[in-house]
Amino acid sequence: MRRVAYFFGSAAAAGAGTYVVIYLYRWQWQRAILCGVLLLVVEVMLLGIVLLGRLSRIEERMRDADRRQEDVLARLREKEARPAGDRFRWLEEPTSRTYVFVPVLMVTGVLLSGLAWIVQRIASATARPTAERRLAGRLAVLAAPGPARDTDPNGMDDPEGRSDLDDLPPIGIGARGRRGRTARVLVVSAVGAALVGALVMGLADLTQTREEDAKNSEATSLLLKVDMRGTNMTAERESLAAHQLWERCRDSTSVPLNRATLGTLGDGLFAGVVQPALTDHDRMRLRGCLEDTGLDRTHLTVVGIGDADADDD
């Protein structure tokens, strides 16, 4: 169940993050804010799932520790509840029997230890050193090779033997594994940083306001369609909503619009004309502002946009 929650949460977070980038590129700020809030909610939900899992594991460990503590306490109480006379029953038996086996064993152990010490001293005093040399010669084939002798810059042998095996770097499976993990972490970190940097730079390049060559046309014309949900949506209410959105988006372009008129064509269609002619970047900004969710139960769609000359009807 937890994996299913992780899967759907990750998918929702990926979708919300993708649409945040898309709406920022389209200059639709309201939709971008909504997707950003959804992304934060999903991230908080995933964090809560992780924290709940950790807390449940900690509680289970604490319950196990309490159960073990109760078991140990019960055993200790059982031991304390035993009668004191059961510890040394052989002392409470009738005195007609003789109990000399323990002292006899103790004295015998002391005598044997003293005899072994005397034998060891005699053997160490009478041993010949040739036997030890012979044994060392037999075991020499099993000894590790000695460290190589280094030379100093003058070509002389290193009298201190600084190239000991302890000074050599560890070469083994563990060391190679650690180096491999470190290299993988560095590669993944570098790739992730490059992707994040490319995303930020690309988004900044797409959304920045740049100077473009002016159009040769006199004006830019737009064809708009207004859709309103609910009852009693008359033509007057559609016209009022269209004019509200149109006046709000007049300042969304980088150049000031000296003239921006909007006329009604009927059936929810409106025609707008702005002067001077808009560049491609300003067209995208004006379209994004108009199609953004600005009014309740109102959706405006830019059906078409193009340049218009002074002699056009």
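These are my notebook entries on one protein chain, taken from a predicted model.

**Entry 1: the whole chain**

I started with a count of the parts. The chain has eight helices and four strands. Going along the sequence, I wrote down the order as α-α-α-α-α-α-β-α-β-β-α-β.

Next I looked up how much of the chain is covered. Of its 313 residues, 19% are buried. The chain exposes about 24000 Å², and 61% of that comes from carbon and sulfur atoms.

I also checked contacts between residues with a separation of 6 or more. Among these, 69% join residues that are 24 or more positions apart.

**Entry 2: helix 1**

Does the length of helix 1 fit what I'd expect, and what span should its 24 residues have? Helix 1 covers residues 2–25, and at 1.5 Å a residue it should span 34 Å. I got 35 Å between its end C-alpha atoms, so the two agree.

Then I looked for its covered residues. G9, A13, A16, V20 and Y23 are buried in helix 1. I remembered a rule that helps here: an α-helix has 3.6 residues a turn, so residues three or four places apart point the same way.

F7 is in helix 1 too. Is F7 buried or exposed? Its relative accessible area is 57%, and the cut-off for exposed is over 50%, so F7 is exposed. F7 also turned up in a nonpolar surface patch with M1, V4 and F8, of about 530 Å².

One last thing for this entry: W27, just after helix 1, takes a positive phi of about 60°.

**Entry 3: strand 3 and its partners**

Which strands pair with strand 3 (residues 269–275)? One is strand 1 (residues 219–228), which pairs with strand 3 in the antiparallel sense over six bridges. In strand 1, L224 stands opposite F270 of strand 3.

Strand 2 (residues 259–266) pairs with strand 3 as well, in the antiparallel sense over seven bridges. Here I found T261 standing opposite V273.

Strand 2 and strand 3 make a hairpin with two residues between the strands. In this hairpin, D267 takes a positive phi near 60°.

I then sorted the residues of strand 3 by face. F270, G272 and V274 are on the covered face. L269, A271, V273 and Q275 are on the uncovered face. So I could place both residues from the pairings: F270, opposite L224, is on the covered face, while V273, opposite T261, is on the uncovered face.

**Entry 4: T298**

I picked T298, which lies in strand 4 (residues 298–308). Is T298 buried or exposed? T298 has 8% relative accessibility, and buried means under 20%, so T298 counts as buried.

What is T298 in contact with, apart from its neighbours within four places in sequence? My list reads V226, D227, M228, R229, A241 and L245.

**Entry 5: salt bridges**

How many salt bridges does a search of the whole structure find? The search finds eight. I looked up several of them.

- D227 was already on my T298 contact list. Its side chain meets that of K225 in a salt bridge (4.0 Å, N to O). D227 counts as partly exposed at 33% relative accessibility, and K225 is also partly exposed, at 31%.
- E247 and R250 meet through their side chains in a salt bridge (3.6 Å, N to O). E247 is partly exposed, with a relative accessible area of 43%. R250 is partly exposed too, with 24%.
- R287 forms a salt bridge with E291, and their closest N and O atoms are 3.8 Å apart. Both lie in helix 8 (residues 280–291), four residues apart, about one turn of the helix.

Where do R287 and E291 fall, buried or partly exposed? R287 has a relative accessible area of 30%, which makes R287 partly exposed. E291 has 16%, which is under the 20% cut-off, so E291 is buried.

My final look-up was a group of four. E60, R63, D64 and R67 are linked in a network of salt bridges.

Notes: Residues are numbered from 1 along each chain as its sequence is written. This is a predicted model: local features need pLDDT of at least 70, side-chain atom pairs count only at pLDDT 80 or more; totals for chains, interfaces and linings use all residues. Side-chain values use heavy atoms; hydrogens and water are left out. Buried means under 20% relative accessible area, exposed over 50%, partly exposed in between (1.4 Å probe, protein chains only). Two strands pair if DSSP finds at least two bridges between them. The expected span of a helix is 1.5 Å times one less than its number of residues. Contact means heavy atoms within 4.5 Å. Accessible areas come from the Shrake-Rupley method with a 1.4 Å probe; for residues, only the protein chains shown count as cover. Patches are made of residues with over 30% relative accessible area and no salt bridge: like charges are joined within 9 Å, nonpolar side chains (Val, Leu, Ile, Met, Phe, Trp, Tyr) within 5 Å.
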